[in-house]
Amino acid sequence: MNSAQLVEILKEHLPSEYFKWRFDRKTDKVRLEHSVLKKGMDISLPEILVKYEQKKEAAIKEIVYTIGETFKAMEKEQSIGFSDSTIIYPVIRSSSFPKESAVGHRFLMKDHTAETCIYYALDLGTTYRLIDESMLESLGMSETEITESALFRVRALPTAMKKDEVSGNIYYFVNNNDGYDASRILNSTFLKEMEAKIEGHMTVSVPHQDVLIIGDIRNDTGYDVLAQMAMHFFTTGTVPVTSLSFIYEDGKLEPIFIMAKNRLARREGKKK
C-alpha cells in the first residue's frame, strides 16, 4: 500500500460531507479539515503505513477511531466549552513533540527527562485534549493548579500489572489502555514500591502512551531483551514516546546506553 491508497481507504472509513481532504505528496501528509468547526488535523501517512504492515486492518481501525473521537471532542468543545470537564491528567510525550497547538497556542508542559516531557490533558471520556494557554480562562484554573491536580489524579490510577520472565529477568507491564499508562511513570510512590521488590537493576520504559514497562534486570541478556521489547512497542504504538529505557535508582531516571553496562556493573555493590 502507498500513501495515496491509504488516503482513499481513510476517506472510505470516514465518510462525511463536512470533511475536506488535502493530500500533500511532498510532505507525505494529509490535512483533514471540518468545514463547520473550521478546525482540522494533519495526519502523517508514513507512520500509519508502518503500522499497517505490522497490524493490517487493526492499524486502520485505530487511526479511524482516533480521528473520529478527536472531532467529537472538538464538537463538544464548541457547543458546551470546558466548564463541565475538569478531570486533568499528565501525559508523557517525546521531547520532540510540538510545543504549540496547530493555531500557535503554547501547550502547558514541563521537562521530564532528556527524552521525555510532561504535557497536561483534559479528559473527555473516550479521548482527551492537550491543554494550552488559551484554555486556562475557560477552565478557571491557573497553570499551577492544573499541574498539581494532574499529579494528584495520576497517583490514583490503578497499577495492575502483567508479569513475564525471560532468561532470568522479570518484566512488569502496566497496560490499562486508558490513555495514561505511560503517565504512571510520574507516580513516585508506585515506583518506590516497585524498587523495593526489584532484585537486580530496575528499569523503566515508556515506548508509547499506552504501556509502562518495569524491568528487574539481572543479567546482560535482560538489557538486550528490553531494548528489543521497547523498540517493538515504540514502532507499534498509536502515540510513540521513546524507544530508550531508563535506569531507576534513588528516585531518579537515567537513560540506558549500551556503553553504560560497565557503569551499571560497578553499582552491583549497592544491590547486595
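Reader: Which residues point one way from β10, and which point the other way?

Author: In this predicted model, strand β10 covers residues 201–205, and five of its five residues are buried. Buried here means under 20% relative accessible area, and this holds for the residues on both sides of β10. Met202 and Val204 point one way, while the other way is taken by His201, Thr203 and Ser205.

Reader: How many bridges join β10 to strand β11, and which residue in β11 stands opposite Met202?

Author: Strand β11 spans residues 212–217 and runs antiparallel to β10, with five bridges joining the two. The two strands form a hairpin, in which six residues lie between them. Within this pairing, the residue of β11 that stands opposite Met202 is Asp216.

Reader: What is the bridge partner of Val204 in β12?

Author: Besides its pairing with β11, β10 also pairs with strand β12, which comprises residues 246–249. That pairing is in the antiparallel sense and extends over two bridges. In β12, Val204 has as its bridge partner Phe246.

Reader: Which strand gives the most to the largest nonpolar core?

Author: The largest nonpolar core has 44 residues, and those with the most contacts inside it are Ile131, Ile146 and Ile214. With six residues, the strand that gives the most to this core is β6, residues 116–123.

Reader: Which residues does Ile131 touch?

Author: Residues up to four places away in sequence are not counted here, and a contact requires heavy atoms within 4.5 Å. On that basis, Ile131 touches Ile88, Phe107, Leu108, Tyr120, Ala121, Leu122, Leu139 and Ile146.

Notes: Residues are numbered from 1 along each chain as its sequence is written. This is a predicted model: local features need pLDDT of at least 70, side-chain atom pairs count only at pLDDT 80 or more; totals for chains, interfaces and linings use all residues. Side-chain values use heavy atoms; hydrogens and water are left out. A nonpolar core is a set of buried Ala, Val, Leu, Ile, Met, Phe, Trp, Tyr and Cys residues joined through side-chain atoms within 4.5 Å. Buried means under 20% relative accessible area, exposed over 50%, partly exposed in between (1.4 Å probe, protein chains only). Helices (H or I, at least four residues) and strands (E, at least two) are DSSP runs, numbered from the N terminus. Two strands pair if DSSP finds at least two bridges between them.
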